[in-house]
Amino acid sequence: MTRPSQHEPEQDDDHALAGEYVLGTLSLEQRKALEARLPNEPELQKAVMAWEERFLPYTAITDPVTPSDYLWPRIERSLKARETSVKRTGAAIAPRSPRRILHSLPLWRGAAGFGLAAALVMGVMLANEVTKPTIPTTPEYMVVLLAPQTQSAGWVVQASSRQEIELIPLGTFEVPEGKALEFWTKADEWQAPVSLGLVEPGQPIRLRLDQLPPLEDNQLFELTLEDEAGSATGLPTGPIEFIGRAVEI
Amino acid sequence: MTDDSSEFDHAVALANCARGEHDALHQLYVHEGARLLGVVVRIVKDRGMAEDIVHDACLNIWQRADSFDPDKGSARAWIFSVARHLALNAIRYRDREVTFDSTYESTYDSTYDSTFGSNDPTELDHPEHLQHATVVEDTFDWQTGQRMDRCLEQLEPERRNCVLHAYVDGLSHAEISAHTGAPLGTVKAWIKRSLLRLRECMT
């Protein structure tokens with residue numbers, strides 16, 4: 001269906017499709033469709049890697065940009081945080097002591113996440129080769145939470161099942177004194193958003209949705225700025241800082 | 001093979017990452033960080049977001065280093081592909097997400113325009129030179145001395161430009177169409193045919 005043409009040999013189509021994937025011209029849906037095929041299609045994997053090799057020299061067209069002095073220390077902190085969490089996991093994961101749990105809905109579990117957006121690409125692509133038990137299975141849903149004003153991505157929600165999600169920060173966020181970020185979700189049919197609790201900026205969290213209906217396509221997720229103790233009304237009251245909808249993968 | 005930096009062994013760096021040596025990732029970062037960031041900034045056109053993506057890319061490289069198989073491709077291609085696909089997914093999500101609520105559309109439009117409109121003096125170099133090219137010239141100094149050069153050379157300049165703009169700038173079909181003035185269907189056909197010709201040439 002995502003093949004560019006029905007009239008050409010399928011092989012050519014796949015090579016062209018792999019090429020377009022590497023070039024980056026595919027739409028989100030087309031990218032997802034291709035990524036979904038990759039784990040089971042070694043020929044397609046090969047085709048993708050071949051294009052990666054062919055085009056690699058042309059990354060040199062782009063001038064290097066020196067990273068800020070903060071980037072490496074940040075990477076190193078994330079590495080260390082991850083290693084600490086890996087040591088902690090295995091047994092029951094210690095709660096990261098969220099400041100509050102609303103409606104007893106979610107069972108929060110502290111768990112260091114990882115920049116897993118790339119897992120969607122390389123993880124899926126290399127899934128055949130990945131043997132680490134700690135690597136999550138292909139998520140069913142993904143949400144990118146954007147800042148409404150700047151449209152920059154601030155968080156990613158990744159769901160490895162329809163009952164368990166992970167909220168992963170893509171950067172940091174300055175929460176004003178006396179305020180907190182509160183995490184909400186609402187499916188199309190629901191009357192009102194449900195709080196998933198408060199979120200620490202820059203901290204990934206994993207969350208089970210046992211008390212909620214299974215995650216569905218297009219389900220809304222947002223982070224609003226509320227008073228430190230969270231919204232007193234049980235509904236979002238403050239400005240939306242990040243918002244996005246679930247996309248089935 | 002395509003490694004243009006012979007003094008650094010990317011495959012060894014990945015192997016050392018897989019063994020848990022932080023210094024190996026640091027060496028990789030020192031060696032490729034600026035190039036990775038350059039590639040990602042060019043695609044996402046947002047410096048902050050680009051640093052976030054390079055951060056994520058480094059962690060992904062670290063986490064997945066032991067799944068890298070040198071028999072299936074070069075380490076350097078693998079490393080860059082992690083960062084590029086993160087960047088490409090991020091912009092395609094951004095393009096998609098912003099359309100779900102019409103109240104954000106005006107914000108989006110202005111963001112979108114500024115991507116190409118150069119109304120921001122701090123904006124990174126972007127393809128103004130692509131616009132309305134009636135006399136089609138190369139918009140890149142693209143020759144790298146690699147075998148692929150010869151194959152790209154065989155493409156008509158406007159098609160070569162499409163391919164390279166897609167790869168380097170992360171432009172979608174529609175964006176290439178908008179900025180070359182070529183109809184969308186034409187752009188799609190050019191790119192597909194170009195890819196098939198390139199592949200034929202390279203095999």
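**Exercise 1. Give the order of secondary-structure elements along chain B, and the counts of each type.**

Step 1. Read along the sequence, chain B runs α-α-α-α-α-α-α-α-α. Helices here are DSSP runs of H or I with at least four residues, strands are E runs of at least two, and both are numbered from the N terminus.

Step 2. The tally for chain B is 9 helices and 0 strands.

Step 3. Fix the conventions. Residues are numbered from 1 along each chain as its sequence is written, while chains are lettered from A and ligands numbered from 1 in the order in which they are written. The model is predicted: local features need pLDDT of at least 70, side-chain atom pairs count only at pLDDT 80 or more, and totals for chains, interfaces and linings use all residues.

**Exercise 2. State how confident the predictor is in chain B, and locate the weak stretches.**

Step 1. Take the average. Chain B has a mean pLDDT of 79 (the predictor's confidence in each residue, from 0 to 100). At least 70 is reached by 76% of the residues.

Step 2. Find the extremes. Among the elements of chain B, helix α2 (residues 22-44) has the highest mean pLDDT, 96. Helix α5 (residues 105-117) has the lowest, 34.

Step 3. Mark the weak stretches. Residues 1-5 of chain B stay under 50, with 13 contacts beyond four places in sequence. Two residues are in contact if their C-beta atoms, placed from the backbone, lie within 7 Å. Residues 99-134 of chain B are also below 50. That stretch has 33 contacts in the model beyond near neighbours in sequence.

Step 4. Check the complex. The predictor gives an ipTM of 0.79 and a pTM of 0.59.

**Exercise 3. Describe the packing of helices α8 and α9 of chain B.**

Step 1. Get the geometry. The axes of α8 (residues 173-180) and α9 (residues 184-202) of chain B come within 9 Å and cross at roughly 115°. Axes are lines fitted to C-alpha atoms, for helices over the stretch in contact; angles run from 0 to 180 degrees between N-to-C directions.

Step 2. List the partners. From α8(B) come B:H173, B:A174, B:I176, B:S177 and B:T180. They meet B:L184, B:V187 and B:K188 of α9(B).

Step 3. Classify them. The contact holds 4 nonpolar, 3 polar and 1 charged residues. Ala, Val, Leu, Ile, Met, Phe, Trp, Tyr, Cys and Pro count as nonpolar; Asp, Glu, Lys and Arg as charged; the others, Gly among them, as polar.

**Exercise 4. Trace the strand pairings around β5 of chain A.**

Step 1. Start with burial. In β5(A) (residues 179-186), 6 of 8 residues are buried. Buried means 20 or more other C-beta atoms within 10 Å of the residue's own, with C-beta atoms placed from the backbone.

Step 2. Pair β5(A) with β8(A) (residues 220-227): antiparallel, 8 bridges. Strands pair if DSSP finds at least two bridges between them. A:E182 stands opposite A:T224, and A:F183 opposite A:L223.

Step 3. Pair β5(A) with β6(A) (residues 194-199): antiparallel, 5 bridges. A:T185 faces A:V194.

Step 4. Extend from β8(A). Its antiparallel pairing with β9(A) has 5 bridges. A:E222 stands opposite A:I243.

**Exercise 5. Size up the contact between the two chains from each side.**

Step 1. Chain A contributes 58 residues and chain B 74 residues.

Step 2. On the chain A side, elements supplying at least two residues each include α1 (10-23), α4 (71-88) and β9 (240-245).

Step 3. That side divides into 32 nonpolar, 16 polar and 10 charged residues.

Terms used
Buried ≥ 20, exposed ≤ 12 C-beta atoms within 10 Å, placed from the backbone.
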